[in-house]
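Reader: I'm new to this one. Can you walk me through a couple of spots?

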Amino acid sequence: MNIKNKVVGNIDTKLKIQRIIGDVKGSKGTPTVIFFGGIHGNELAGVKALQKVYTVMVEKEIPLVGNFYAISGNIQAIEKNERFVDVDLNRIWTKDALANTTNTNFTEYNERTSIYKVIKEIVAIEAGPFYFIDLHTTSSETNPFITISDSLNNRKFSNVFAMPTVLGIEEYLEGPLLTFINEFGHVALGFEAGQHYNETSIDNCVAFIWLALEASGCIAKSEIEKYDFHKHYLSFFNDVQDFYEIKYKYQIGKQERFAMLDGFTNFETITKHQKLAISNGSIVGSPMEGKIFMPLYQQQGDDGFFIITRIPRFWLYLSILVRTLKLYHVLRILPGIKQDNRDTYTLIVNPKTARFLTTQIFHLFGFRKKSIQNNRWYFTRRDRKINAFI
Ligand SMILES: [Zn+2]
């Protein structure tokens, strides 16, 4: 791999970039922190912020203990300033999809192959622990927040940042990059910085990159210029560190004409039956009370909106306890539940026999629903041992 210590690109409007935005090798070689920007091509804040931070690192000769990598995502979509060209690059990271070699003419399949080659090589040549951080923005206005798959190592890392963390997105989205990475045991955290075209989204990304480099132990606090400013800057938006769970997703159908009603901001409280959107000329009401999450205000994408609720502290602590004590082994011996012989992390559940167990119980023990096949639910455990990439 030819990794160059050079900033390439124009950080104003049209971006022309290469896969490695920048990399810096530290003195001790561990940890390794890998950032992605522009996995969605219309989300340029992350790319611009990575260029800014990298430039400061090089110009000020900031000493690193571990390694820093900044990787660009969907390069061809970035050049067009579109979310994607053929398919969403953040929905094609499953083992099955990776093994599928048809549709290789899709732009994003080539982007995925290129990104995968880079991260595989980084993990092969560098020392862990590895921290993968994916920088995004949203179509609606939002304060910054974090999304993670619900593993304890992810929770521990995101707990450092004073902002809302949303768990369990892996249950609702097929094939996000971070869920895939997390299945190999690495910390993988998504940062949503703000609205796509809002300049503050770049500042939020810059602040978050520095804080994450400090939190991972890659750079000492004293080496980061304006560390306290960055910390307060982000916590200015969110002074509470709450965890939220996704309860509902509105899936837009293939031929459906869908539009959110104007004016919803992320995390806005909504009531049951509240009017949220228009679908094929009819009103879409909220099926429950909660907070609206990632309402869709752009053409591309088929997740209309999500509804989230706050997870009580007690429930969070209880889940840490049952997972640390490995009580999930108990689940396997209950009626209606058996181990999947093909995957040690997966349980196959007969929902009729095991109806005494709710999805919440599986969440508590660290499992998330992966799929439903032949009237069986497949729950997979998110806490993993570190494994080499396939
Ligand atoms: Zn995105």
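Author: Sure, we'll take the metal site and then one helix. Keep in mind that this is a predicted model.

Reader: Which protein atoms are the donors of the zinc ion?

Author: H40 gives ND1, E43 gives OE twice, and H136 gives ND1. They lie 2.0 to 2.4 Å from the zinc ion.

Reader: What makes the arrangement around the zinc ion irregular?

Author: The angles. The four donor atoms subtend 55 to 140 degrees, which makes the arrangement irregular. For four donors to count as tetrahedral, all angles must lie between 85 and 135 degrees.

Reader: How are the donor residues spaced in sequence?

Author: As H-x2-E-x92-H. H40 sits in the loop between strand 2 and helix 1, and H136 is in strand 4, so the pair ties together parts 96 residues apart in sequence.

Reader: Are H40 and H136 buried or exposed?

Author: Both are buried.

Reader: New topic. How many residues does helix 9 have?

Author: Helix 9 has 12, residues 313-324. From first C-alpha to last it reaches 17 Å, close to the 16 Å expected.

Reader: Which residues of helix 9 are buried?

Author: L316, S319, V322 and R323. Down the axis of helix 9 they fall within an arc of 135 degrees, so they line one face.

Reader: What do they pack against?

Author: Helix 5, strand 8 and helix 10.

Reader: And which exposed residues are on the face turned away?

Author: That face of helix 9 carries F314, Y317 and T324.

Reader: What follows helix 9?

Author: K326 follows, with a positive phi near 55 degrees.

Definitions and conventions
Residues numbered from 1 in each chain as written. Predicted model: local features only at pLDDT ≥ 70, side-chain atom pairs only at ≥ 80, totals over all residues. Heavy atoms only, no water. Helix = DSSP H or I, 4+ residues; strand = E, 2+ residues; numbered from the N terminus. Expected span 1.5 Å × (residues − 1). Buried < 20%, exposed > 50% of the residue type's maximum accessible area, 1.4 Å probe, protein only. Arc of directions from axis to C-beta. Contact = heavy atoms within 4.5 Å. Donors = N, O, S within 2.8 Å, 3.2 Å for Na, K, Ca; no water. Tetrahedral: all angles 85-135°; square planar, octahedral: opposite > 155°, others 65-115°.
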